[in-house]
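This report introduces selected features of one structure to a reader who has not met it before. The sequence and the model are shown first.

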Amino acid sequence: MDLGVGRVGDRDLGISAQEIVTGRTCVIAQSGAGKSWGIAVLCEHLCRSYIGFCLIDTEGEYFSLKDRFPIIWIGSDESCDYDIESVDLHSIMREAIISSRFIVFDVSEVDMRVKATALVNILYELESELRRPFLLIVEEADKFIPQSRDSIKMIEEISRRGRKRGLGLLVATQRPSLVQKNVLSQCNNQIIGKLTIDNDLKAVSHFFDSRKEVEELITLDPGEFFVMGGLVREKTLMKFGERETQHRGVTPQILPGRPPEMRETDTVLVPEAKPERSQLPPEPLLVDEEDSELIPAFPTDEDDETKNAVPTLLERDEALRAVQSLCRKSFWRRRYLDRITAMERISWPLLSVEVKYLGGILKKTTRRASFILEGFHGERVDLTNGFMVRPGFAELIGLDEASVAILKNLTPAGLTALEIEADAGLMPGDVKKALKSLQKQKRITTMKSEEGAVIYLPLLDHPIPKLSNLHQSFTTRLTTPSGECRGPAITEDDLRKIVKGLEPTAEITKMKVIYYPVYEAIVASDSGERRIYIDGQTGREIRGMTYN
Ligand SMILES: Nc1ncnc2c1ncn2[C@@H]1O[C@H](COP(=O)(O)OP(=O)(O)OP(=O)(O)O)[C@@H](O)[C@H]1O
């Protein structure tokens, strides 16, 4: 089984789950290079695949995994599941190993070496008896296994003898030159990102074939890592994918300028603003008042049917230069030359949709939602800062209402058919039929619980957005489209079934096709042909979507 944690260009990269879970892996990169992001993406995939792990969290930054997954959070915060001072670690870890549970062991507020030592001793003892696959993740390994007598010997022991017991080890560090060499040399899998300090480059140089390769580490962007060893067939430069849960390790940034009433000495710290999907603030809930007025997705010219195109701001030569620069960048990465063989401007069909439904505790309040969907696949498109693809309804297109309602309710921990009936408010016959068809379409799978009950689990790429979170306004003045426009593949009927499945009282109140300007370039190289899409408003590459 592979875990699709990253991307290489526009294809997904899977790393071996078996190797990660029972092998020894190091994640090495300097501060801010994307280690915790990558580890969180990996944890999300482990959760989705029901692979048990325990992560020693030194910064208290992984609890957000709980927003989506049934993580057991042991720490000092009031909202933790177990207090780290009083928890019966032995029982919890036994249960975690046997039932493949996910543990975040948050040592950010306590003596981390003491707590980590207790944990790893228990894990090793349990695994010597149980011998089931389970992964121990140690963040900031230089704090626990430094190159000194202070190193926690049991972690070294796990790196040597864990595999036979089923106990895998993943250690992360920003300073490989400070970590116990024995442990790093035991790591048969390596994930190495940006490094600039000479000693650290030296410490990882034996994983690479040449000095030139090692020097490439200096130039990597955040999120980019070389993956090597048993995780992949050959050394690969990948970027960790999007996070499903919110990233908490954001760098605080000094706010430029300050309100006049502030004193000279005051400094404002705000979270770094990055337009990454998982870092965007939660989308605003829809206005709460009864029969609230909708802010339409396209407030301007919305009733003029002839005006349905977003204007093009980018000239053709500017788009060509953007493609050329992407080709040069990819040559540097992949070492083969792309040639631009064709380029044309296309009008990408989008669907601006407005929906009305009953919400509130008594389901008596009229609520409204508005969103923009890509017209061929059904992912959402956020147009506030150019064409940005967001998780939408692609995996629901073509499904009936019952199937959508079931998928909406399925959590990663899974549900029995009876629980689905209760949650989705469906009749037994409808549930049975929909489950069968969802299984056939590989959108769900099953497993047996220890008691022998059949559990249905979702197989979706991303969680389904809630109607209450969808509210997109867009103020660009639309124009009359020029040239040929291909219509969307998604129909109003497809959408009606989806919104009804998400919320039985939902009605589509407006749906309008909008055309967005995009330059489509075909580039060819020895390894085949690929398409690059350039946003006709911003000049940026549009990723994660194809025009067909
Ligand atoms: N794969 C990625 N995709 C998008 N953005 C990323 C990715 N990886 C990292 N980033 C960005 O880089 C920032 C720093 O990443 P991260 O917090 O994971 O660094 P780190 O290596 O863990 O740093 P430290 O060692 O100081 O904790 C993130 O807040 C995020 O904005």
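Which residues of strand E10 (residues 189-192) are buried on one side, and which on the other? In this predicted model, Asn189 and Ile191 are buried on one side of E10, while Gln190 and Ile192 are buried on the other, and both faces of the strand are thus covered.

Strand E10 is joined to two strands, as the table sets out.

| Strand joined to E10 | Bridges | Direction | Facing residues |
|---|---|---|---|
| E3 (residues 24-28) | four bridges | parallel | valine 27 opposite isoleucine 191 |
| E11 (residues 224-229) | four bridges | antiparallel | methionine 228, partner of glutamine 190 |

A helix comes next. In H3 (residues 89-98), the buried residues are Leu89, Met93, Ala96 and Ile97. These residues lie on the same side of H3 because they cover an arc of only 95° around the axis. An α-helix has 3.6 residues a turn, so residues three or four places apart point the same way. The buried residues of H3 pack against two kinds of element: strands E4 (53-57), E7 (102-106) and E8 (134-138), and helix H4 (112-130). Just after H3, serine 100 adopts a positive phi of about 50°.

The last site concerns arginine 368, which is located in strand E16 (residues 365-374). Why is arginine 368 classed as buried? Arginine 368 has 22 other C-beta atoms within 10 Å, and a residue counts as buried if 20 or more lie within that distance. Serine 468 is 100 residues away from arginine 368 along the chain, yet their C-alpha atoms are separated by 7.8 Å.

Note on methods. Residues numbered from 1 in each chain as written. Predicted model: local features only at pLDDT ≥ 70, side-chain atom pairs only at ≥ 80, totals over all residues. Buried ≥ 20, exposed ≤ 12 C-beta atoms within 10 Å, placed from the backbone. Pairing = 2+ DSSP bridges. Arc of directions from axis to C-beta. Contact = placed C-beta atoms within 7 Å.
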